[in-house]
Amino acid sequence: MSERKEEMFIKDDYESSESSTELELVIDKNQPVEKRSAEDGMINGQNIFEFDLNSVDEKPWNKPGADVTDYFNYGFNETTWKEYCNMQWNRNNQNLKVSDRTKYKRREEYDQNRNRRQCDPEEEMIKIGYLIGRTLVEKLEFKRELDLNALLYKITYNLLEKFYSSPRKLEASRDQPNVYHIIEYSPLYTGHVSNKNNFCGDSVTCGVIKYGLKASGFDCEVTGYPSPTEKYKDSVVYEIIIK
């Protein structure tokens with residue numbers, strides 16, 4: 001807002017015939033709106049400069065024969081009041097203290113960190129396992145294998161064994177092609193964490209399996225199911241879906 005327009009509003013303030021020191025905005029004369037002083041800066045619990053006139057369904061000051069001074073004081077009308085509110089908002093925004101900016105920035109960073117903490121823990125564990133799998137493949141000089149069955153055998157009985165030792169079994173699904181299962185009878189973490197909501201404490205292993213397949217060019221999804229049936233109680237079944 002230009003300085004000229006700002007001076008116009010200030011002039012209106014002082015030359016107004018109104019003797020009241022209150023800013024008044026009346027929406028419905030039959031239902032008086034609570035008056036608040038300009039120092040208080042609130043109207044009906046909302047900042048007077050943030051009250052949205054566009055939210056008013058019916059604007060009685062626009063009706064034929066209506067006297068705008070019944071609804072706005074200090075010489076304002078709907079248009080000039082909106083401009084004045086915008087000017088006040090811009091002025092307050094420009095005068096925002098550096099300390100306030102720092103405070104808001106820290107709040108934004110806190111919200112971002114909180115959102116990170118609210119990420120799916122299983123997804124985060126899979127990412128960690130993926131990095132572990134890459135390290136193991138590099139150290140073991142795990143050679144690229146184009147035969148899927150041979151590759152799954154090497155992952156089950158070689159790569160995972162280097163990750164940690166546990167009895168395991170590899171099975172191909174009888175009903176679904178390109179679906180395989182690795183049964184781990186003594187999982188590393190599942191016996192020590194809650195399986196509430198089917199949470200898999202050994203999702204890290206999913207990441208290791210996923211990288212082992214990815215290193216040979218196979219795209220897949222790996223999901224861990226703790227104690228899926230009575231037969232596999234206290235075990236984890238890793239379902240591998242080859243895409």
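1. A nonpolar core is here a set of buried Ala, Val, Leu, Ile, Met, Phe, Trp, Tyr and Cys residues joined through side-chain atoms within 4.5 Å. The model under discussion is a predicted one. Its largest nonpolar core has 26 residues, of which Ile-155, Ile-209, Leu-213, Tyr-238, Ile-240 and Ile-242 touch the most other members. At least two residues of this core come from each of helix 4 (121–139), helix 5 (148–163), strand 6, helix 6, strand 7 (220–226) and strand 8 (236–242). Helix 5 provides the largest share, six residues.

2. Apart from this core lies another, of 13 residues. Phe-51, Leu-53, Tyr-71 and Met-87 are among its members.

3. The surroundings of Ile-242 may be listed individually. Leaving aside residues up to four places away in sequence, Ile-242 is in contact with Leu-148, Asn-178, Tyr-180, Leu-213, Phe-218, Asp-219 and Cys-220. Of these, Leu-213 is also listed with Ile-242 among the core residues that touch the most other members.

4. Asp-202 merits a separate point. This residue is located in the loop that runs between strand 6 (179–184) and helix 6 (203–214). Asp-202 is buried but forms no salt bridge. The nearest side chain of opposite charge belongs to Arg-168, at a distance of 7.9 Å; the cut-off for a salt bridge is 4 Å.

5. What lies 3.1 Å from a polar atom of the Asp-202 side chain? The backbone nitrogen of Leu-188 occupies that position. Leu-188 also appears among the residues that Asp-202 touches, together with Met-125, Tyr-164, Pro-187, Tyr-189, Thr-190, Val-236 and Tyr-238, when residues up to four places away in sequence are not counted. Tyr-238, in turn, is one of the residues of the largest nonpolar core that touch the most other members.

6. Aromatic pairs number eight in the structure. The pair of Phe-76 and Trp-81 is edge-to-face, because the ring planes stand at 80 degrees, with the centres 5.2 Å apart. Both Phe-76 and Trp-81 are buried.

7. Tyr-130 and Tyr-211 form a further edge-to-face pair, with 5.0 Å from centre to centre and 85 degrees between the planes. This pair links distant parts of the chain, since Tyr-130 belongs to helix 4 and Tyr-211 to helix 6, 81 residues apart. The two partners are classed separately by accessibility: Tyr-130 is partly exposed at 28% relative accessibility, whereas Tyr-211, with a relative accessible area of 15%, is buried.

8. Trp-61, Tyr-71 and Phe-72 are linked into a cluster by ring pairs. Tyr-71 is also one of the members of the 13-residue core.

Conventions: Residues numbered from 1 in each chain as written. Predicted model: local features only at pLDDT ≥ 70, side-chain atom pairs only at ≥ 80, totals over all residues. Heavy atoms only, no water. Helix = DSSP H or I, 4+ residues; strand = E, 2+ residues; numbered from the N terminus. Buried < 20%, exposed > 50% of the residue type's maximum accessible area, 1.4 Å probe, protein only. Lys, Arg positive; Asp, Glu negative; His and termini not counted. Polar contact = N/O pair within 3.5 Å; in protein donor to acceptor, adjacent residues only side chain to side chain. Contact = heavy atoms within 4.5 Å. Phe/Tyr/Trp six-rings, centres within 6.5 Å; stacked < 30°, edge-to-face > 60°.
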